[in-house]
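Hi,

Here is the structure I promised to pass on. Have a look at it first, and then read my notes underneath.

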Amino acid sequence: MKKTMKLMMCMVMVLALMFGLSGCGDSEKQQEAIDTFNEVSEEFDEIADMMNENADAIDEQTFGKFQEMQAALVECKDALESDEDAPDEDYDVMIETLNQVKDWLKEARADVEAQISAAGE
């Protein structure tokens, strides 16, 4: 139950982040970073939903990794929502990092699906 509550809080925060950024963006690079962030947030949320629906099948380590990633996404969101202008190079780094997170999420999805499958056997 504790795992489920933690995950639900993560999901709620990610959804809030995703919708909070949908209308932002002053520069082309900033908008690209926001769009990439929203894609990552959506994928993260889908996997978090899957984990929540099958919380008993998911190990603590996986929950821990997702909580760490959620914290990193919050930091990214804060940077994107900041009133301070950032150079395009900073947005390029953020976009590259978010694309790496996308790759991690593909692996995480496979891991979560494997854990759910193993629990169902």
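Below is what turned up when I went through it, starting with the overall layout and ending with the charged pairs.

One thing to keep in mind throughout: this is a predicted model.

**The overall layout**

The protein chain has 4 helices and 0 strands, so if you read along from the N terminus, the order is simply α-α-α-α. There are 121 residues in the protein chain, and buried ones make up 36% of them. How much of the contact pattern is long-range? Take the contacts between residues at least 6 apart in sequence: 79% of them join residues at least 24 apart.

**The nonpolar core**

The largest nonpolar core holds 24 residues. Which of them touch the most other members? Those are Met-51, Phe-66, Leu-73, Leu-80, Leu-98 and Leu-105. Helices H2, H3 and H4 each bring at least two residues to this core.

Phe-66 is a good place to zoom in. Ignore its neighbours within four places in sequence, and Phe-66 is still in contact with Phe-44, Ile-47, Met-51, Trp-104, Leu-105 and Ala-108. Two of those partners, Met-51 and Leu-105, also appear among the core residues that touch the most other members.

**The largest pocket**

The largest pocket has a volume of about 170 Å³. Which helices line it? Both H3 (60-81) and H4 supply at least two residues each, and H3 gives the most, with 6 residues. If you want to find the spot in the viewer, select Met-69, Ala-72, Leu-73, Glu-75, Cys-76, Ala-79, Val-93, Met-94, Thr-97, Leu-98 and Val-101, which line the pocket. By class, that lining has 9 nonpolar residues, 1 polar and 1 charged. Leu-73 and Leu-98 turn up in this lining and also in the list of best-connected core members, the ones touching the most others.

**The salt bridges**

Side chains of opposite charge can pair when their charged atoms come close. In this model the count comes to 7 salt bridges, and here are some of them.

Glu-39 and Lys-102 meet through their side chains, at 2.5 Å from N to O. This pair ties together distant parts of the chain, with Glu-39 in helix H2 (residues 28-53) and Lys-102 in helix H4 (residues 88-120), 63 residues apart. Are these two residues buried or exposed, or somewhere in between? Glu-39 counts as partly exposed because its relative accessibility is 43%, and Lys-102 is also partly exposed, at 25%.

A second pair links H2 and H4 as well: Glu-43 sits in H2 and Arg-109 in H4, 66 residues apart. Their side chains form a salt bridge at 3.0 Å, N to O. With a relative accessibility of 22%, Glu-43 counts as partly exposed.

Asp-78 and Lys-77 form another salt bridge, and their closest N and O atoms are 3.2 Å apart. What sets the two partners apart is burial: Asp-78 is partly exposed at 41% relative accessibility, whereas Lys-77, at 14%, counts as buried, because the cut-off for buried is under 20%.

Finally, there is a network of salt bridges that links Lys-29, Glu-32 and Asp-92.

Have a click through these when you get a moment.

Cheers

Methods: Residues are numbered from 1 along each chain as its sequence is written. This is a predicted model: local features need pLDDT of at least 70, side-chain atom pairs count only at pLDDT 80 or more; totals for chains, interfaces and linings use all residues. Side-chain values use heavy atoms; hydrogens and water are left out. A salt bridge is a side-chain nitrogen of Lys or Arg within 4 Å of a carboxyl oxygen of Asp or Glu. Buried means under 20% relative accessible area, exposed over 50%, partly exposed in between (1.4 Å probe, protein chains only). On a 1 Å grid over the protein atoms alone, a cavity is a set of points where a 1.4 Å probe fits but cannot get out, and a pocket is an open set with protein on both sides within 12 Å along at least five of seven lines; lining residues have an atom within 4 Å of a point. Grid points are joined across faces, edges and corners, and a volume is the space filled by probe spheres set on the points. Ala, Val, Leu, Ile, Met, Phe, Trp, Tyr, Cys and Pro count as nonpolar, Asp, Glu, Lys and Arg as charged, and the others, Gly among them, as polar. A nonpolar core is a set of buried Ala, Val, Leu, Ile, Met, Phe, Trp, Tyr and Cys residues joined through side-chain atoms within 4.5 Å. Contact means heavy atoms within 4.5 Å.
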